[in-house]
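Got the viewer open? Keep the selection box handy, and we'll go from one stop to the next.

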Amino acid sequence: DFAPAMLDGAEAMIERWSRRPDGAALDLSVEMTRLTLDVLERTIFSDGLGRDAEDIRRAMATYFNAIGTIGLLDILGAPDFVPRPARFRVRATLRFFEAAIDSVIAARRRLLAVDPDGAPNDILTHLLNALDDPHGMTEAEMRSNVLTFFAAGHETTGNALSWASFLISQSPGWRARLEAEADREFARPVAGLAERLVETRAVIEEAIRLYPPIAAISRVALGPDELGEKKVKRGSLIVVSPYVLHRREGLWEDPAAFDPRRFLGEARAKIDRFAYLPFGAGPRTCIGAAFASQEATLALASVVRRFRFELEPGYAVWPLLRVTLRPQGGLPMRLWRRERATIG
């Protein structure tokens with residue numbers, strides 16, 4: 001049901017790009033996070049995000065940079081009560097998000113009070129209704145969930161789209177395959193479109209294998225256990241790195257290569273469940289996995305149908321981990337309309 005809204009968000013971005021001169025430079029990583037914020041407004045927070053979307057994007061970037069940075073005091077093992085400069089930036093951004101969240105919640109509560117049946121049937125309405133359940137959420141838990149949707153609902157998917165766009169810009173063969181698929185499938189009805197974009201989804205899955213937006217997953221042992229020959233005590237913190245796992249020899253053939261064929265047909269079914277963890281696993285697997293996969297597939301297909309990208313000459317792309325895995329310094333690309341493109 002969200003597909004039309006996702007496509008509308010992609011078309012709004014493409015329309016904005018169409019006003020630029022051919023060959024114009026832009027930071028694709030910024031553009032993709034703007035897109036995913038727009039999709040959030042169209043699908044999950046129908047009344048808006050409570051603040052200007054660009055202000056939210058910048059604040060979220062500041063937040064992730066601050067909490068994802070390891071400082072000298074951390075390396076030296078200084079106790080938590082010793083002030084860290086990064087924490088002051090975190091507090092400022094959290095106050096910003098709290099104000100935005102309060103604005104969103106207040107607007108929806110006013111609407112529910114006036115017309116309960118007329119309120120949007122979105123995630124925010126369901127979270128607010130959960131407060132009425134004696135076994136449901138507390139007010140603090142509900143606000144924390146809204147913040148999680150703000151953050152996870154755009155940052156990770158934006159990064160996935162950035163990495164996928166970079167990879168196909170380096171692979172003319174796969175770029176051509178995606179263009180042909182998009183031309184063919186967009187000529188058919190929108191219903192079922194995401195499911196028909198098989199090769200586009202494979203490119204997204206391969207992109208988040210090589211560059212998983214969440215590059216580390218942590219779990220706490222509920223009881224004593226064994227990890228290989230290592231004894232694990234109850235309460236031990238175990239960190240699993242999808243970035244390492246997804247590139248491990250023995251689990252993947254030529255693991256460093258970009259090869260979306262791994263996720264097509266029978267090859268996809270042969271991938272071990274615990275060799276591929278872009279969305280985690282178990283009871284705390286990503287609740288938005290299906291939403292993110294559909295959004296990324298539709299957005300990428302919409303873009304390649306109209307544009308081609310060329311990485312700025314001489315620019316070296318490098319992954320940077322700041323809670324999420326993003327291109328360090330952004331992703332400067334030159335944008336070419338497909339009907340005029342001669343690159344590659």
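What follows is a walk through a sheet, some salt bridges and a surface patch.

Before you click, note that this is a predicted model, where local features need pLDDT of at least 70, side-chain atom pairs count only at pLDDT 80 or more, and totals for chains, interfaces and linings use all residues. Numbering starts from 1 along each chain as its sequence is written, and side-chain values use heavy atoms, with hydrogens and water left out.

**Stop 1: the sheet**

Select strand S1, residues 24-27. Strands here are DSSP runs of E with at least two residues, helices are runs of H or I with at least four, and both are numbered from the N terminus. Ala24 and Leu26 make up the covered face of S1, while Ala25 and Asp27 are on the uncovered one.

Now add S9, residues 332-337. S1 and S9 run antiparallel, joined by 4 bridges; strands count as paired if DSSP finds at least two bridges between them. Put labels on Ala25 and you'll see Arg334 of S9 opposite. Leu26 has Met333 as its bridge partner in S9.

Bring in the third strand and you have an open sheet in the order S1-S9-S6, with antiparallel pairing. Its edge strands are S1 and S6 (307-311), each pairing on one side only. From one strand to the next, the twist averages 40°. Next, show helix H2 (residues 28-43), which packs on this sheet and touches S1, S6 and S9, contact being heavy atoms within 4.5 Å. The direction of H2 makes about 65° with that of S1; axes are lines fitted to C-alpha atoms, for helices over the stretch in contact, and angles run from 0 to 180 degrees between N-to-C directions.

**Stop 2: salt bridges**

Side chains of opposite charge can pair when their charged atoms come close. The rule used here is a side-chain nitrogen of Lys or Arg within 4 Å of a carboxyl oxygen of Asp or Glu. How many salt bridges does this rule give? The count comes to 23.

Pick Arg338 and Glu179, whose closest N and O atoms are 3.8 Å apart. Arg338 sits in the segment after S9 and Glu179 in helix H9 (residues 172-185), so this pair ties together parts 159 residues apart in sequence. Is Glu179 buried or exposed? Glu179 is buried, at 4% relative accessible area, and Arg338 is partly exposed at 22%. The cut-offs are under 20% for buried, over 50% for exposed and partly exposed in between (1.4 Å probe, protein chains only).

Stay in H9 and select Glu185, which forms a salt bridge with Arg196 at 2.6 Å between the closest N and O atoms. Arg196 belongs to helix H10 (residues 193-196), so here the linked parts are 11 residues apart in sequence. Glu185 is buried at 5%, and Arg196 is buried at 16%.

Then jump to Lys231, bridged to Glu226 with closest N and O atoms 2.8 Å apart. Lys231 is exposed, with 60% relative accessible area.

To finish this stop, select Arg175, Glu179, Asp183, Arg308 and Arg338 together: salt bridges that share partners join them into one network.

**Stop 3: a surface patch**

Last, switch on the surface and color Val220, Leu237 and Val239, a nonpolar patch with about 300 Å² of accessible area together. Val220 is in strand S2 (residues 217-220) and is exposed at 52%.

Key: Patches are made of residues with over 30% relative accessible area and no salt bridge: like charges are joined within 9 Å, nonpolar side chains (Val, Leu, Ile, Met, Phe, Trp, Tyr) within 5 Å. Accessible areas come from the Shrake-Rupley method with a 1.4 Å probe; for residues, only the protein chains shown count as cover.
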